[in-house]
Amino acid sequence: MLFRQLFDPDTWLYIGKGTETLLFRQLFDPVTCSYTYLVADGETKTAALIDPVLEQVERDFRLLNELGLSLQFCLETHTHGDHTSGTGKLRELTECEGVVPDHAPAAYADRRIRDGEILRVGDIQICAIETCGHTDSHMAYRINDTHVLTGDALLIRGCGRTDLRGGDAGTLYDRVTQRLFTLPEDTLVYPAHDYWGQTVSTIGEEKRWNPRFANKRREDFIQFMAALKLPDSQTMMEAVPANEQRGRLGWRARSQSA
Ligand code: FE
């Protein structure tokens, strides 16, 4: 069963064949247009949050309690430039471990995850896929064989910028085309941000319709990304140092600085 929802982030999204114990929820931060994902095993009641946002920790913590879930991991896809991670706060409120990509500049990570490594949340498997290029330490997370959380490597009909903090357009093109577009076409794509109200896509859709990659050669993509000339994000000045210390600072900002 494929069930697609358009912008009502507080309802269950997808429970289907092969995912009977998977509880999956997409949560939205309207200030930074960031998505946080709750992935849980409905049988064991263990859970992971991917890319929690500091200002939404109260919401996320309440939801965990209401659903009777025990938070095992907070995972980051990368060191965010546009918001402070909620991991530090959630770690104070729960027994969870903070997990960051290998080589990510996060001073207080409990654990670093490598390409191909699998975390288990009950019967749910979360497999890390190295997808650098937006930053130089970025992981996508494949949930069982049905969902992939693509961070800022692949957005719906777009991708994260490559001009800041270790970004490299050629690397991003290689990782998206070789590591993500090689997944089964019906894999559900859930990005870390969306600025246009889109919530979910599939690998097949993005291969065909993502204007940055579809029928684009590597050189075309590099040229396109260089020509974007995006403004420097003021929030980067605050968010990156805060996230390197794993979400110990807080502020609000409005920015499209995925
Ligand atoms: Fe980002």
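Two strands count as paired if DSSP finds at least two bridges between them. The exercises below use a predicted model.

**Exercise 1. Decide how β4 and β5 pair, and how the chain connects them.**

Step 1. Apply the cut-off of at least two bridges. Strand β5 (residues 97-101) and β4 share 3 bridges, and their sense is parallel.

Step 2. Find a residue pair. Phe73 has Glu97 in β5 as its bridge partner.

Step 3. Trace the connection. Helix α2 (residues 87-93) joins with β4 and β5 in a β-α-β unit, and the unit is right-handed.

**Exercise 2. Lay out the sheet that contains β4.**

Step 1. Write the order. The sheet is open and has 6 strands, β1-β2-β3-β4-β5-β6, with mixed pairing.

Step 2. Mark the edges. β1 (22-29) and β6 (111-113) each pair on one side only.

Step 3. Note the twist. On average, neighbouring strands here are turned by 25° against each other, direction ignored.

Step 4. Look for both senses of pairing. β1 runs antiparallel to strand β2 (residues 34-41), with 8 bridges. Phe24 faces Val39 of β2 in the pairing, standing opposite this residue. β3 and β4, in contrast, run parallel and are joined by 5 bridges. Leu49 has Cys74 in β4 as its bridge partner.

**Exercise 3. Place helix α1 on the sheet and sort its residues into buried and exposed.**

Step 1. Locate the helix. α1 (residues 57-66) lies across β1, β2, β3 (46-50) and β4 (70-75), at about 160° to β1.

Step 2. Identify the unit. Together, β3, α1 and β4 form a right-handed β-α-β unit.

Step 3. List the buried residues, using under 20% relative accessible area as the cut-off. In α1 they are Val57, Arg59, Asp60, Leu63 and Leu64. These residues span an arc of only 165° around the axis, so they sit on the same side of α1.

Step 4. Turn to the other side. Glu58 and Glu66 are exposed there.

Step 5. Name the packing partners. The buried residues of α1 pack against β1, β2, β3, β4 and α2.

Step 6. Check the exit. Gly68, just after α1, has a positive phi of about 70°.

**Exercise 4. Work out the second sheet around β9.**

Step 1. Write the order. This open sheet of 6 strands runs β7-β8-β9-β10-β11-β12, and its pairing is mixed.

Step 2. Mark the edges. β7 and β12 (201-202) have a single partner strand each, so one side of each has no neighbour in the sheet.

Step 3. Pair β9 with β8. They run antiparallel over 5 bridges. Ile129 has Ala140 in β9 as its bridge partner, and Ile126 stands opposite Ile143 in β9.

Step 4. Pair β9 with β10. This pairing is antiparallel too, with 3 bridges. Tyr141 stands opposite Leu149 in β10. The two strands form a hairpin with 3 residues between them, and Asn144 in the turn has a positive phi of about 45°.

Step 5. Test burial. In β9, 5 of the 5 residues are buried, so the strand is largely enclosed by the rest of the structure. Side chains in a regular strand alternate between the two faces of the sheet. One side of β9 carries Met139, Tyr141 and Ile143, and the other carries Ala140 and Arg142; all are buried.

Step 6. Add the helix. α3 (residues 169-180) lies across β8, β9 and β10 (147-151), at about 140° to β8.

**Exercise 5. Show which elements share the largest nonpolar core.**

Step 1. Take the count. The core has 26 residues. Val39, Ile50, Leu75, Ile126, Tyr141 and Leu149 have the most contacts inside it.

Step 2. Assign the elements. Two or more residues come from each of β1, β2, β3, β4, β7 (118-121), β8 (124-130), β9 (139-143) and β11 (188-191).

Step 3. Follow one residue. Beyond four places away in sequence, Ile50 touches Tyr35, Thr36, Tyr37, Val39, Leu75, Thr77, Tyr141 and Leu149.

Step 4. Separate the other core. Apart from the largest core lies another of 18 residues, including Cys159, Ala169, Tyr173 and Met225.

**Exercise 6. Summarise the whole chain.**

Step 1. Count the elements. The protein has 6 helices and 12 strands.

Step 2. Give the burial. Of the 258 residues, 59% are buried.

Step 3. Give the contact range. Among contacts with a separation of 6 or more, 61% join residues 24 or more positions apart.

Key: Residues are numbered from 1 along each chain as its sequence is written. This is a predicted model: local features need pLDDT of at least 70, side-chain atom pairs count only at pLDDT 80 or more; totals for chains, interfaces and linings use all residues. Side-chain values use heavy atoms; hydrogens and water are left out. Helices (H or I, at least four residues) and strands (E, at least two) are DSSP runs, numbered from the N terminus. Axes are lines fitted to C-alpha atoms, for helices over the stretch in contact, and angles run from 0 to 180 degrees between N-to-C directions. Contact means heavy atoms within 4.5 Å. A nonpolar core is a set of buried Ala, Val, Leu, Ile, Met, Phe, Trp, Tyr and Cys residues joined through side-chain atoms within 4.5 Å. Buried means under 20% relative accessible area, exposed over 50%, partly exposed in between (1.4 Å probe, protein chains only). A crossover is right-handed if, with the strands pointing away from the viewer, the path from the first strand over the helix to the second runs clockwise. The arc is that of the directions from the helix axis to the C-beta atoms.
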